[in-house]
Amino acid sequence: QNPFCQMRRAQRAAPPTKVASGPVAAVSCQPTKRSRLKRGNKQTPKGVPVAAPTPAPVVETAAAPESSTDAVTKRQSCEEILTSGYVQSFVDFFYLTHRPDPKKADEIKTANTVIEDIDVSPQEMQFIRDNLTKAEEARRKGDTPNVYNSYSNLALYFQSNEVNDPKTGVYFYEKCLEISKLMGDNEGEMSANHSLGCVHQLMGDAMNAIQFHERHMELARKHQVYREMESAAKELVRCYREYAEEKEAGGDYNSAVEYFSKALEAARASRDRAAEGAACYRLGKTYIEVQQATKAVNFLHEYERITKDLDDLQGSGAACAALAAAYQSIDDDDKAVEYLENFLAISAKTENLVAQGEACCALGVIFNKRGDYTKSVEFFEKNFEIARSVVSSGVGDNSLVDASRVYLGMARGNKMLGKYMMKIQFDVNSLLRWKNKREPIV
């Protein structure tokens with residue numbers, strides 16, 4: 001009988017073979033043996049040497065950025081989500097498990113640089129998958145609280161220090177905000193705005209952070225939720241202050257005054273006396289920079305009162321130094337000397353050598369301007385000794401001592417200048433002794 005017919009009968013009689021569930025190897029489209037059915041079975045003549053089969057060429061493939069196990073896990077998870085009917089969850093899951101690694105996103109990109117996909121562990125994939133599918137299932141049922149909770153869990157996960165992907169956290173917090181608005185959940189909307197403001201602040205996006213915290217404050221005031229009002233105010237203090245400092249560093253003092261003023265209002269709303277004092281101090285210092293010392297004095301006096309209420313000795317010293325600078329700007333040297341002396345006394349109590357040196361130097365300048373060279377020399381001598389102590393302790397460098405030495409020399413020269421001119425003009429004998437014997441004139 002035909003051997004082919006016998007083989008077909010044997011295949012029908014054999015039990016069915018189980019197909020493996022894993023990936024099936026690709027079948028070559030060019031078989032190494034020729035089919036007997038098409039061309040017949042040609043025998044090789046005897047005595048003709050048989051050529052050895054040519055080995056198939058080895059194709060080198062580049063190593064994949066992720067292990068094959070991870071790739072299979074990602075693929076299987078995507079397939080299971082999709083076949084279960086969660087289309088939106090599949091889209092989100094695919095993006096979240098194949099997005100570029102955020103820790104390497106800031107690397108310098110060149111023509112040959114490709115940022116690898118993020119490495120997601122099976123446990124993390126399970127967590128992401130569960131929350132995405134729960135959110136989609138709850139949304140279909142109209143169970144908006146569970147939708148909110150699932151998205152909030154994902155946002156917190158991506159914002160955590162372990163993952164450190166705040167941009168993806170923003171995506172899910174925005175979904176939380178959307179859900180809270182749909183369901184009319186005022187508390188959830190306030191929480192979402194608060195979280196979005198904090199994440200943008202963490203990312204260094206001050207303006208967006210301010211907008212979300214201001215919306216949080218607006219909702220809290222509208223619904224008279226005092227706890228949320230204080231929470232929003234505290235975050236606004238930080239955002240306003242950081243933005244004002246950024247503007248001040250860029251030389252935009254008018255914007256700095258505007259946002260330091262907002263920081264002061266927010267600090268008062270949060271009932272945080274320390275934050276209120278700090279805002280008054282920064283606002284006063286900025287007014288000095290824009291040549292509005294009279295306004296600066298009012299805010300600096302307020303800061304001084306707050307530091308006394310809080311028993312903040314260092315803060316009191318800073319207030320005295322700033323007030324002295326403000327009074328010097330409006331040519332009130334008597335008040336400036338009063339506050340500088342207070343600053344020097346407080347610095348001595350706190351054992352702050354750098355502050356003591358600054359106070360002595362400022363006092364020496366004022367007395368030198370007044371013509372009181374004896375006191376000027378006295379304070380510049382103290383400044384010089386303090387500068388030497390600071391440098392020897394390793395806090396400052398030699399330039400501090402050099403500057404103090406110059407100030408002291410100028411003060412001593414000014415002190416001797418009057419006597420010197422008297423000798424030159426009216427004491428010829430002293431002038432001759434200096435000329436002949438090099439005796440000091442003064």
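In the predicted model, Arg 271 is located in the loop that connects H11 and H12. The backbone at Arg 271 adopts a positive phi near 60°, although the residue is not a glycine. Arg 271 is classed as exposed because its relative accessible area, 67%, is over the 50% cut-off. A second non-glycine residue with positive phi is Gln 224, for which the angle is about 55°. Gln 224 also belongs to a loop, in this case the one between helix H9 (206-222) and H10. With a relative accessible area of 47%, Gln 224 falls between the limits of 20% and 50% and therefore counts as partly exposed.

The helices that flank these two loops include those around the largest cavity. Helix H10 (226-249), helix H11 (253-270) and helix H12 (273-289) each contribute at least two residues to the lining of the largest cavity. The greatest contribution, four residues, is made by H12. The lining consists of Val 237, Arg 241, Phe 260, Ala 263, Ala 275, Ala 278, Ala 279 and Arg 282. In terms of residue class, six of the lining residues are nonpolar and two are charged, whereas no polar residue is present. The largest cavity encloses about 50 Å³ of space, and the count of cavities of 30 Å³ or more is one.

H10 also participates in the nonpolar interior. In soluble globular proteins, nonpolar side chains tend to be buried together. The largest nonpolar core of the model comprises 58 residues, and the members that touch the most other members are Tyr 240, Leu 300, Leu 340 and Leu 363. H10 provides the largest share of this core, with nine residues. A second core, separate from the largest one, contains 30 residues, among them Leu 132, Tyr 148, Leu 154 and Ala 192. Within the largest core, Leu 340 and Leu 363 are both among the members with the most such neighbours, and the two residues are also in contact with each other. When neighbours within four places in sequence are set aside, the other contacts of Leu 340 are Ala 324, Ala 359, Ala 362 and Ile 366.

Helix H8 (residues 186-202) contains Ser 191 as well as His 200, and these two residues differ in their accessibility class. His 200 has a relative accessible area of 9% and is buried, because this value is under the 20% cut-off. Beyond its neighbours within four places in sequence, His 200 makes contact with Val 170, Asp 205, Asn 208, Ala 209 and Phe 212. Ser 191, by contrast, has a relative accessibility of 34% and so counts as partly exposed. The C-alpha atoms of Ser 191 and Leu 177 are 8.4 Å apart in space, with a sequence separation of 14 residues.

At the level of the whole protein chain, the secondary structure comprises 19 helices and zero strands. Of the 442 residues in the chain, 35% are buried. The accessible surface amounts to about 28100 Å², and carbon and sulfur atoms account for 52% of this area. Among contacts with a sequence separation of 6 or more, 49% join residues that are 24 or more positions apart.

Conventions
Residues are numbered from 1 along each chain as its sequence is written. This is a predicted model: local features need pLDDT of at least 70, side-chain atom pairs count only at pLDDT 80 or more; totals for chains, interfaces and linings use all residues. Side-chain values use heavy atoms; hydrogens and water are left out. On a 1 Å grid over the protein atoms alone, a cavity is a set of points where a 1.4 Å probe fits but cannot get out, and a pocket is an open set with protein on both sides within 12 Å along at least five of seven lines; lining residues have an atom within 4 Å of a point. Grid points are joined across faces, edges and corners, and a volume is the space filled by probe spheres set on the points. Ala, Val, Leu, Ile, Met, Phe, Trp, Tyr, Cys and Pro count as nonpolar, Asp, Glu, Lys and Arg as charged, and the others, Gly among them, as polar. Buried means under 20% relative accessible area, exposed over 50%, partly exposed in between (1.4 Å probe, protein chains only). Contact means heavy atoms within 4.5 Å. Accessible areas come from the Shrake-Rupley method with a 1.4 Å probe; for residues, only the protein chains shown count as cover. A nonpolar core is a set of buried Ala, Val, Leu, Ile, Met, Phe, Trp, Tyr and Cys residues joined through side-chain atoms within 4.5 Å.
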